[in-house]
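User: I would like to learn how to read charged side chains in a structure. Could we go through it step by step?

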Amino acid sequence: GMLYGGLGNPNWLGLTVAATVPLSIRAAARWAESRYAIWPFIALACEAAGVWIARSQTAWIALAVAAAVFALHQERRAAPRAAVVVVAASVAAWLLARAPDAVEGRVWIWRAAWAAARDTPLLGAGHGAFGGAFLDAQGRLLQQLDHEAAALAFVHATTAHNDWLHAGVEGGLVAVLLLAVAMGACFWSFRRRQPALAATLVIVAVSGLGDVPLHQPGVVALLALVWAATPPLRWPPLWRRRLDAAAIACVLVTSALLLRWATRLWLGERSSTVARHQPPRQRLTTLLHAYAMAPTPAHALDLGLAHLEVRDRQAAIPLLQRARATSVVADIALGNAWLGSGKTDAAMATYRRALARQPASFRAHLNLAEALRLAAQPQAAWRHLQLARDLQPHHPKVRALASKLRASLP
């Protein structure tokens with residue numbers, strides 16, 4: 001984590017640092033004759049080291065594309081500009097060709113995210129609803145595969161690995177158009193007078209095709225500063241004063257509300273991380289604090305599982321019901337809670353919902369087989385047990401359940 005600037009993920013470091021490179025180049029060029037000239041070059045060297053350490057190919061490709069766009073908008077002879085464009089395009093193509101596995105994985109996520117976006121094309125599924133929409137769409141795609149292929153293809157993606165697709169899933173076509181207009185209008189105003197700011201926008205937009213830089217606070221803060229540097233609209237003087245005051249008030253109120261939620265979310269995440277290394281009873285207390293700070297589905301899942309661990313099913317059930325929208329694990333755990341409470345029908349319905357999202361879930365097939373055995377449906381139980389055995393043939397619970405089913409036969 002410290003190696004990656006406290007971000008915990010090399011890609012996040014690469015995406016954040018790449019967006020700052022054009023601004024450092026601009027500062028180095030402006031301060032070349034100043035006595036402070038060394039500092040922009042030191043910053044640029046640190047950023048180059050950060051991009052190299054991160055090994056984020058998405059960031060590298062975005063930098064290459066930004067270099068090409070920057071060259072095209074320079075008022076120089078055509079030959080140097082063409083050379084820069086050719087080199088940048090070659091670098092981007094080489095980077096794409098050397099990472100087929102990463103591209104293949106992203107293509108599957110993009111395919112499922114595109115299917116989710118088409119379910120609610122205009123306004124999207126709602127902010128924060130990507131996880132559930134993605135699982136539902138991916139489940140339909142997995143139903144077309146055999147169990148072995150479905151087990152390998154299943155991905156529990158929390159983002160679309162594409163800012164534009166992610167915006168389409170959560171906000172629909174309206175969100176995508178608003179994002180495109182904001183990025184395009186700023187780029188158009190900067191393309192001649194402030195090429196470094198335009199290059200920053202290009203890096204964020206291009207890296208957003210292969211990852212989610214707009215989910216990183218550092219990138220969002222930098223982008224907000226870039227947007228703030230755009231030339232103001234030419235309103236009449238009286239309107240300008242009123243609009244400026246209204247804009248400042250809206251920004252302050254919105255920032256205060258978002259800061260409050262972001263702080264509570266950070267505190268909740270911190271408590272949840274601490275709880276992973278604690279014994280069950282102490283973990284439960286810590287997770288209760290995390291859920292009180294930020295009642296998100298992820299924290300509801302952690303707290304529900306902690307309640308199940310101490311066999312408090314009644315407390316676990318409402319929490320798992322809240323978490324099931326974005327997690328197959330929550331569905332399986334909720335089915336276990338229903339089954340332990342003697343509500344077999346509710347357990348079977350919950351396991352089937354999990355299988356609709358992940359047809360190759362070993363736990364869902366095995367637990368559904370147990371629920372069907374308790375419901376006196378041995379043939380259906382054998383069918384799901386066989387599917388579980390195909391996925392994990394030597395698991396001890398498969399043999400144990402098979403013995404129970406044989407004993408229950410007349």
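Analyst: We can begin with E170, which, leaving aside its neighbours within four places in sequence, is in contact (heavy atoms within 4.5 Å) with L123, G124, A125, G126, H127, G128, A129 and F130. This is a predicted model, in which local features need pLDDT of at least 70, side-chain atom pairs count only at pLDDT 80 or more, and totals for chains, interfaces and linings use all residues. Residues are numbered from 1 along each chain as its sequence is written, and side-chain values use heavy atoms, with hydrogens and water left out.

User: Is E170 buried or exposed, and how far away is the nearest side chain of opposite charge?

Analyst: Side chains of opposite charge can pair when their charged atoms come close. E170 is buried (under 20% relative accessible area, with exposed over 50% and partly exposed in between, for a 1.4 Å probe and protein chains only), yet E170 has no salt bridge (a side-chain nitrogen of Lys or Arg within 4 Å of a carboxyl oxygen of Asp or Glu), and the nearest side chain of opposite charge, R357, is 13 Å away. A polar atom of the E170 side chain does lie 3.5 Å from the backbone nitrogen of F130.

User: How many salt bridges does the structure hold?

Analyst: There are 7 salt bridges in the structure. One of them joins the side chains of D211 and R106, at 3.1 Å from N to O, and both of these residues are buried. Another joins R283 and E309, at 2.5 Å from N to O; here R283 is buried, with a relative accessible area of 17%, whereas E309 is partly exposed, at 45%.

Technical notes. Lys and Arg count as positive and Asp and Glu as negative; His and the chain ends are not counted. A polar contact is a pair of N or O atoms within 3.5 Å; within protein, one must be able to donate a hydrogen and the other to accept it, and residues adjacent in sequence count only if both atoms are side-chain atoms.
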